[in-house]
Amino acid sequence: MSVHGTTISCQHLVLSTAALIVALVLSAYPFANSQDLPAPFFPLQEKWAVDLGNSPSAQPAFGEEYAYVPLENGTLVAIALTDGSVRWRMAGSTDFAPAVGNGILVVAHETVLLALNLIDATNLWQIEMNAQISGPPLLNGGWLIAVLANGEIVALRASDGVELWRQQLDGELTVRPSIGGNELYVPVDDGRVISLELASGHVLWERRLSGSPEEVLALDDLFVGTTDNYFYRLSHIDGRTIWRWQTGGDIVGRAAVDEDRVYFVSLDNILRALDRDSGVQQWRRPLLGRPISGPQITLDLTLVSGIAPTVTAFSTRLGLPVGILTGPAEFAAPVHVMRVPSPLAPGLVLTTGDGQLFGYFSATGPVQFSLESPPPPLLLLPNLLKLEDVLSFPSRRYEERGPF
C-alpha cells in the first residue's frame, strides 16, 4: 500500500508540475492576459448603402461628417457618414481626390483649384494655376499645397486662395506632399525627397533615393517607401538614411505608425511591422490580395485593403489575423476608418468600383485618435494676424545621427 501510495503521490506531483509549467508558459505568452488582447472590432454589420449610379473618377475625400465622392460623369456628391444619405450633388469633374478641412472642400480640375462650402457646395473661390495640376492637393492647418505638371509646387491660403509662394523643383510631381511642423516634404518621381521651408518655399535639403518615393509620413523623422523595394527612415534634419528595410516589391502608399512600430505594405503582398527606432522587423504577414494603399491603424488593429473586396485586420502587437470583412464588389479606394461622429463608431466605409458606398459599424466603441504628422503653423484668416505672426512656429531640434 505504501508503494502504491507513493506511486499515486508521484503521479500527482508530475501532473501538478506539468500544470504549473503550462500555467507559466501561458502567463508569459503575450496574448494570455486580457489587457493584451486586441480591442473588439469584428464582427461589423452593414448599416447603410448608397448607389451613386457612376464609378468614382478618383478616391473620395472624408471629412468628419461626410464623404465627398467625384464621379466619372462629372459630378461631385456629398454622402452623410452616419446614414448614407445624399447631402448635395453638383457638377464638378476631377481626376484627383479632393481635399477637405477648415470648413471647405478643394477640388482640382485641369488648371483650376475650386473651393466649395461643405454645407451647400456654394463656390467660395476659384484660382487659375496657369499650369496643369498633376497630383492631389494637400489641405492642412489652413495651408493649401498644389503640385503642377511644370514642376512647380505652390502654397496658397486656403481661406481665400491667395498665393503665398511657388517654387520650381524641376521634376515630375504626382504624389501628395506632407507637412511636418515648419517644413513641407515633397516626393519627386525622379527619386528625390525635398524639404522646403513652409513659410517661404525655400529649399532646405534634398535627398535622392534609388526609386520613386511614395507619400512621406513626417514625425520625429521621415518614414517613406519607394519603388526600389526599400522602406526608409530619413533624418528630419538633412534627409540622411537612419535605417532602411528591403522588401520583395515596391512599397505602396503611406506608412502607418503607433508608439512602437511602423507598418507598411509592398507589392510582394506582405504587411510588415518594424520597430520605429531601430528598424528591426517585429513581424510580417502575407496579404490576401495586392494592396493599393498603405495600412491604417484603428484601436490596436492594422487594417489593409486592396482592389480585391476584402479588408483584413491584424493585431498591431503580434500581427495575428483578427478578422476579415468581404465587400460586395472590387474596391475603388482605400477603406476609410470611421471614428466620428456616429455613436456606432468605430466602423468602416467601403467605396466600390461600380459606384457604391457601404457603411459598416460595430455596436459600440470609444472615440478614436490617430497619430498624425506634427501640425503645421496655423494659417489664419488674413485680417486677423500678419503673416509673420502666424509663421512664428518654434523650430524643432533633434540629435544629429550618423548615416546608414
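This passage describes the strands, sheets, hairpins and cavities of a predicted model.

The protein has 404 residues, of which 50% count as buried. Its secondary structure comprises 2 helices and 32 strands. Among contacts with a separation of 6 or more, 44% link residues 24 or more positions apart.

One open sheet contains 4 strands. Their order is β1-β32-β31-β30, and the pairing is antiparallel. β1 (45-51) and β30 (336-338) stand at the edges. Each has a single partner strand, so one side of each is left without a neighbour in the sheet. From one strand to the next, the twist averages 20°. At the β30 edge, 3 bridges join β30 to β31 (residues 347-351). These two strands run antiparallel. V337 has L348 of β31 as its bridge partner.

Strand β7 (residues 104-109) has strand partners that include β6 and β8. Of the 6 residues of β7, 5 are buried, so the strand is largely enclosed by the rest of the structure. Strand β6 (residues 99-101) runs antiparallel to β7 and is joined to it by 3 bridges. Within this pair, A99 is bridged to V106 of β7. β6 and β7 form a hairpin, with 2 residues between them. In its turn, N102 has a positive phi of about 55°. The pairing of β7 with β8 (residues 112-117) is also antiparallel and comprises 6 bridges. Here A108 has L113 of β8 as its bridge partner. This pair is again a hairpin with 2 residues between the strands. E110 takes a positive phi near 55° in that hairpin.

Strand β16 (residues 192-197) is likewise mostly covered, with 5 of its 6 residues buried. β15 (residues 183-187) is joined to β16 by 5 bridges, and the two run antiparallel. P187 stands opposite V193 of β16. The hairpin of β15 and β16 has 4 residues between the strands. Its turn holds G191, with a positive phi of about 110°. β16 is also joined to β17 (residues 203-208), again by 5 bridges and in antiparallel fashion. In this pairing, L196 stands opposite V203 of β17. β16 and β17 form a hairpin with 5 residues between them. G201 in this turn has a positive phi of about 80°.

Another glycine, G248, is found in the loop between β21 (241-246) and β22 (251-257). Its relative accessibility is 56%, so G248 counts as exposed. The cut-off for exposed is over 50%. G248 nonetheless has contacts beyond its neighbours within four places in sequence: N229, D268 and R272. D268 is 20 residues from G248 in sequence. In space, the C-alpha atoms of G248 and D268 are 5.3 Å apart.

A further open sheet has 4 strands in the order β26-β27-β28-β29. The pairing in this sheet is antiparallel. β26 (296-298) and β29 (321-326) are the edge strands, and each pairs on one side only. The twist averages 25° from one strand to the next. At the β29 edge, β28 and β29 pair in the antiparallel sense over 5 bridges. T310 is bridged to T326 of β29.

Two strands of this sheet also contribute to a cavity lining. The structure holds 2 cavities of 30 Å³ or more. The largest cavity encloses about 90 Å³ of space. β27 (301-305) and β28 (310-315) are the elements that give two or more residues to its lining. The lining residues are L287, L288, G289, R290, P291, V304, S305, G306, A308, T310 and T312. By class, the lining has 5 nonpolar, 5 polar and 1 charged residues. T310 therefore appears in two settings: it is part of the cavity lining, and it is the bridge partner of T326.

Key:
Residues are numbered from 1 along each chain as its sequence is written. This is a predicted model: local features need pLDDT of at least 70, side-chain atom pairs count only at pLDDT 80 or more; totals for chains, interfaces and linings use all residues. Side-chain values use heavy atoms; hydrogens and water are left out. On a 1 Å grid over the protein atoms alone, a cavity is a set of points where a 1.4 Å probe fits but cannot get out, and a pocket is an open set with protein on both sides within 12 Å along at least five of seven lines; lining residues have an atom within 4 Å of a point. Grid points are joined across faces, edges and corners, and a volume is the space filled by probe spheres set on the points. Ala, Val, Leu, Ile, Met, Phe, Trp, Tyr, Cys and Pro count as nonpolar, Asp, Glu, Lys and Arg as charged, and the others, Gly among them, as polar. Two strands pair if DSSP finds at least two bridges between them. Axes are lines fitted to C-alpha atoms, for helices over the stretch in contact, and angles run from 0 to 180 degrees between N-to-C directions. Buried means under 20% relative accessible area, exposed over 50%, partly exposed in between (1.4 Å probe, protein chains only). Contact means heavy atoms within 4.5 Å.
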